[in-house]
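Colleague: Before relying on the terms used for this structure, I should like to see each one set against its definition. May we go through them in turn?

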Amino acid sequence: MRFLLDPEQRAFADSLNAMLTAADTPSAVRSWSRGEHARGRALWRRVAGAGVFALAVPEAYEGLGLRPIELAVAFVELGRHAVPGPLVETVAAAALLTEPGLAKRLLPALASGEALATAAPAGSYALDGDVATTRLSWDGDGLRLAPGPDGPVRASLDPARRLTRLLPGGELLTAEPPLAHALTWARLATAAQALGVGLALLDRTVEYVGQRTQFGVPIGSFQAVKHQLADAKIALEFARPLVLGAALTMTEADVAAAKVTACEAAYRTARTALQLHGAIGYTAEYDLSLWLTKARALRGTWGGPGECRAAVLDGLSGGARRS
Amino acid sequence: MDLDFTPGQEAFRAEARAWLRAHVPASPLPSLETEEGFAAHRVWEAQLAADRWSVVSWPEEYGGRGVDLVRWLVFEEEYYAAGAPGRVGQNGINLLAPTLFDHGTREQRARVLPEMATGEVVWAQAWSEPEAGSDLASLTSRAVRTDGGWLLSGQKTWSSRAAFADRAFGLFRSEPDTPRPQQGLTYLMFDLRAPGVTVRPIGRLDGRPAFAELFLDEVFVPDEDVIGEPGQGWRVAMSTAGNERGLTLRSPGRFLAAADRLLNLWREQGSSEALRDRVADAVIGARAYQLFTYANASRFLDGESIGPESSLNKVFWSEYDIALHETALELLGEDGELADTDWAEGYVFSLAGPIYAGTNEIQRDIIAERLLGLPKGRR
Ligand SMILES: Cc1cc2nc3c(=O)[nH]c(=O)nc-3n(C[C@H](O)[C@H](O)[C@H](O)COP(=O)(O)OP(=O)(O)OC[C@H]3O[C@@H](n4cnc5c(N)ncnc54)[C@H](O)[C@@H]3O)c2cc1C
């Protein structure tokens, strides 16, 4: 039992963090939000180049093998930098395409970053359906390759999340897609991303309250300010082990627990961050908004809080989990 | 990174489980916050100690098994899962013992620890005073030099279980005029039945005499009961507070077992839709705390120290404990009002969590200033 990231895993996180810091993600996010995808696509290629999507693809299909821990580590960094695009959906797509014929045909392009995927139940919003090159949707008949987006792009509360519905029909890929398995991977990635979003919000807010002065002192010296940030820190630090623990076990219940906890922690941190920034936090111009809005959106996607809590209880046959 | 236990750790778990299954009293002991409960719990401590289960992480020479933190956590999980009694010796075991391991003399360890391990001597913590709560360093009770020792005078309060305990440890001002209040304090052990000591039990919220105030009037303490150097008491007392205490004050085992009980209650009561989310949060919270603690234990075993991070634990478990019990009382419906249930007793106890062991406001200050690096403000 050594429940700590290995040095290589930590180094992987650090290198992604450094790469994304250098890439000036906020401006890529802003152009993505306007429907200009070139910078985001370039960022995507770098993320894929670092092997992120390959972590959800078996080696036989040009991936790095299924490595949920490394995937979680990577998604924390993607969240920390508010990287735009159907990141989770691409992972979900990879997890849906387990059937060997499909895997051979579609996975290598996802692993390499050549293709972006989106994935959603038929009739639901699919993230970035206008830019995704592999659009998966499923209904009672099975999993289909949707022919294209249906109707206009709808704006999300998070401007960087562009919502579309997918056209019905399209090629039937498999009658029995591994939906539960894909949902687990999607939730894990979302949980990790949310944790990263929360950590970024906390970092930025700590920095801000250390600099902003009112009444002649930094506002960070006021206890009412400190205690809100302490609570955000507690919430995030207790979400982190759930995310990593879920990546180790990959049980539905553990992943659902991680999803709800990380998303709630990030959301709570977002509320605190907004409050402590005062009016400047309430502006779209200020970069904080990129994380604030994402925290809200991630909370509802791939299973909201109630659904995840129900999954936790459903997953426990006997008592609560010991070890 | 893994969550797998080694075959040796699994064997240890099995051994602990088997022993507990064979020995845990079939019906719960009376509350340890009562005189008869205290006596019954001492008997239980002695039974634990006889088979060396009372202080598994201590060296064998003092009655332990010398196991590392992971095995200690495993033991705690099994202990609470088995429904074993609360630990009457926990103040000594969690607070005084680590201090003696770090700062005590060989003689003190040899004299104090074995009797602590068997429950023969139960220790009370005498830190707080009427005018020194959160601002502990403002304490005024005195230790005055005398032949071969010290004379203690003053008043201590809120001393858990002191109504029935045998001995106490605490801080006393031995040098009155120091530039800072943290200086000139001496850490001493004393006998609660020594001449000059008056113990007045205080009824807790539910009336049980769970703590007491202590009036000290020139109580003689020999030199060998000073822990560390005279005048260095603050450093001695604080040095042990962070590291192991952050891990061991409240083990995850307790909350995992409580979440289990809550889940069972919820199912027995018809799996109320209205309380489903809160039950789920209790289950999730216990798991989060377990994994958080595993991570800390792993760091500790890697040789890292765990200092202000222990404040994260404290706030988390104390608030968790209250939420869990509130949910249980709601599930019980009208029976939730009854005072004589285990849930009610647990609830009353949980309410004190944010107050003792450093109030949650103080812990949040520590988190903000020492973990987040925010500027110090006025206290
Ligand atoms: C069940 C129980 C068992 C206990 N057992 C023991 C024991 O065995 N031994 C022992 O020595 N003591 C014990 N205590 C005492 C405990 O350690 C103190 O109650 C605690 O330190 C708080 O001190 P106080 O009660 O004097 O509150 P105060 O310090 O007067 O605080 C009152 C309120 O003001 C807040 N406050 C104070 N200062 C600040 C600040 N700077 N910033 C923000 N808020 C502040 C506090 O957080 C609290 O909410 C026990 C207490 C309880 C409830």
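Modeller: The discussion below takes up the ligand site, one arginine and one sheet.

Modeller: This is a predicted model, in which local features need pLDDT of at least 70, side-chain atom pairs count only at pLDDT 80 or more, and totals for chains, interfaces and linings use all residues. Residues are numbered from 1 along each chain as its sequence is written, chains are lettered from A and ligands numbered from 1 in the order in which they are written, and side-chain values use heavy atoms, with hydrogens and water left out.

Colleague: Why is the site called shared between chains?

Modeller: Residues from chains A and B surround the ligand, so the site is shared between them. A residue counts as near if one of its heavy atoms lies within 4 Å of the molecule. There are 17 residues around the ligand, and Ser134(B), Trp158(B), Ser160(B), Thr359(B) and Glu361(B) come nearest.

Colleague: What makes the approach of Gln223(A) to the ligand a polar contact?

Modeller: The term requires a pair of N or O atoms within 3.5 Å; within protein, one must be able to donate a hydrogen and the other to accept it, and residues adjacent in sequence count only if both atoms are side-chain atoms. A side-chain N or O atom of Gln223(A) is 2.7 Å from a nitrogen atom of the ligand, so the pair satisfies the distance limit of 3.5 Å. On chain B, a polar backbone atom of Ser128(B) is 2.7 Å from an oxygen atom of the ligand.

Colleague: Why is Arg364(B) called buried?

Modeller: Buried means under 20% relative accessible area, exposed over 50%, and partly exposed in between, with a 1.4 Å probe and protein chains only. Arg364(B) has 8% relative accessibility and therefore counts as buried.

Colleague: Which residues does Arg364(B) touch?

Modeller: With contact meaning heavy atoms within 4.5 Å, Arg364(B) touches His227(A), Ala230(A), Asp231(A), Val315(B) and Glu319(B), not counting residues up to four places away in sequence. Its side chain also makes a polar contact of 2.7 Å with the side chain of Asp231(A).

Colleague: How do you know that E5(A) and E6(A) pair?

Modeller: Strands (E, at least two residues) are DSSP runs, numbered from the N terminus, and two strands pair if DSSP finds at least two bridges between them. E5(A) and strand E6 (residues 162-166) of chain A have four bridges in the antiparallel sense, so the requirement of at least two is met. One bridge joins Ala155(A) to Arg162(A) in E6(A).
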